[in-house]
Amino acid sequence: MLEGAGDGDGAAEAYARHFVENARHGVGLIIQGSSCIYRDGRTSPGMTCVDSRRKVLRLAPMVDAVHRQGAAIFLQAGHGGLFAMEAWHEPYAAERHGPVLAASPVPWLLRPAFRRVPVHVMTTAEVRAMAVRYGEVAGWAREAGYDGLQLGSANAKLLDQFLSPFYNRRTDEFGGSLEARARVLHLIREAVAERAGGDFPCTVKVPAERAPPGFPRSTAAEALTLCRLVEEWGYDAITPVEVSVFPDTTLSRGGVPDSFWTNKGMAERLRRAAPSRLRRGVVKAGARWGGRRAPFQPVWNRALFRAASAQAGIPVFAVGGIRTAADVNGILERAEAAMVGIGRPFYAEPDLASRLLAGDDGPRRCRNSNRCVPAQMLGMKGVCYNPDVRRGGADQGR
């Protein structure tokens, strides 16, 4: 995670302050929070861009430091598509270098929120060029010492917008059937093999979606079919996730991220980022709707990753509400997944891995409040922002 490291020369140091500590306490694989393949397309001001070889190679010292603590590290690469901050977040919206990229025209349900936002539906050639860019990023990542690449292909990011029938209404080779909508993943895997080598691990998130009643979505059955397809195309592992068709907190279930309006500093940042009342209203409505619709539930992706493990011939990563040593051990012992991932609790508890490995009950401070989500969207540090946790003395929340 940690999309608050920024895009400057200090990004490596910011990542290292968190990741080295995580590795020291026993995390086996760190997946660095989504980094953008183009200079436009970030989903937060604090997201790192990996749009050039120079930018990726400046992260090499952090990668080396993680390795010295015995952990591996993957780079997650992606693009925000319609939900890039250039669509709404000032001053980036006013200074964008081009229109917002999309798989298809904006769905009618979302058109009021995109009023006056220039949107460009990618041509067939541009989709193919994007696949090549992922290959270039993988090659640079390998040169920087990363151990692999994960595609940010869920939670309404651009790749998910290609996969999802809610967004994808294309009539070229990248639209129509599930296999056609996912064709971009096939091209990306080929590009990664060409630019980074066939032995450079490449993993992918496989989404099953929730959508408003009556709207198309990627179903769990389609997600399982997609697991089979990406295995055939040469992906090395899959992370099945249940997400929303909107970029809300369905992926990080828990409380309503109310710090948008209860934290004076964040409320002011939001006002500056979204001077329009309509845009602020959309952000707040999404926060309320997502949090209330998807409260925290332990191991909420179990049915999906268990079904994927039953049919996949490649490793399945389990994520989503996994908190205790009993959760972790149960998943592994029952072969429901090959690896278990945990995210936001590390913001408040960098030593969590050592306690889980020792059989501890799990996080002592993380409350799954989602108050770390607004901070990321507003470009603040990727740390815990729950005031109850901070009063309890969590170093990461100060």
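**Reading helix packing and local features in a predicted model**

Reader: Is the crossing of α8 and α12 left-handed or right-handed?

Author: The crossing of α8 and α12 is right-handed: the near helix is turned clockwise from the far one by less than a right angle. This is a predicted model, in which local features need pLDDT of at least 70 and side-chain atom pairs count only at pLDDT 80 or more, while totals for chains, interfaces and linings use all residues. Residues are numbered from 1 along each chain as its sequence is written, and side-chain values use heavy atoms, with hydrogens and water left out.

Reader: At what angle do the axes of α8 and α12 cross?

Author: Two packed helices are described by the angle between their axes and the distance between the axes. Here helix α8 (residues 220-232) and helix α12 (residues 302-311) have axes that come within 10 Å and cross at roughly 35°. The axes are lines fitted to C-alpha atoms over the stretch in contact, with angles from 0 to 180 degrees between N-to-C directions. Helices (H or I, at least four residues) and strands (E, at least two) are DSSP runs, numbered from the N terminus.

Reader: Which residues of α8 and α12 meet?

Author: From α8, the residues are Ala 220, Ala 223, Leu 224, Thr 225, Cys 227 and Arg 228; from α12, they meet Leu 304, Ala 307, Ala 308 and Gln 311. By class, this contact (heavy atoms within 4.5 Å) has seven nonpolar, two polar and one charged residues.

Reader: Which residues of α12 are buried, and what covers them?

Author: Buried means under 20% relative accessible area, exposed over 50%, and partly exposed in between (1.4 Å probe, protein chains only). In α12 the buried residues are Arg 302, Leu 304, Phe 305 and Ala 308. Their cover includes β6 (202-210), α8, β7 (237-244), β8 (317-318) and α13.

Reader: What leads up to α12, in the loop after α11?

Author: Pro 295 lies in the loop between α11 (277-293) and α12. Pro 295 is partly exposed, at a relative accessible area of 45%. Its C-alpha atom is separated by 4.5 Å from that of Gly 254, 41 residues away along the chain. Leaving aside residues up to four places away in sequence, Pro 295 touches Arg 253 and Gly 254.

Reader: Which residues other than glycine have a positive phi?

Author: Two cases are Ala 156, with a phi of about 65°, and Ala 335, with a phi near 55°. Ala 156 sits in the loop between β5 (148-151) and α5 (158-163) and is buried at 1% relative accessibility. Ala 335 sits in the loop between α13 (325-333) and β9 (339-340), but is exposed at 56%.

Reader: Where is there a cis peptide bond?

Author: The bond joins Glu 90 and Pro 91, with omega at about 5°. Pro 91 belongs to the loop between β2 (72-78) and β3 (100-102). Strand β2 itself holds Gln 76, which is buried at 9% relative accessibility. Among the residues that Gln 76 touches are Ile 31, Ser 34, Gln 150, Leu 151 and Lys 205.

Reader: How many helices and strands does the protein have, and what are its overall dimensions?

Author: The protein has 17 helices and nine strands, and its C-alpha trace spans about 55 × 50 × 45 Å along the principal axes. Of the 398 residues, 58% count as buried. Among contacts between residues at least 6 apart in sequence, 71% join residues at least 24 apart.

Key. Ala, Val, Leu, Ile, Met, Phe, Trp, Tyr, Cys and Pro count as nonpolar, Asp, Glu, Lys and Arg as charged, and the others, Gly among them, as polar.
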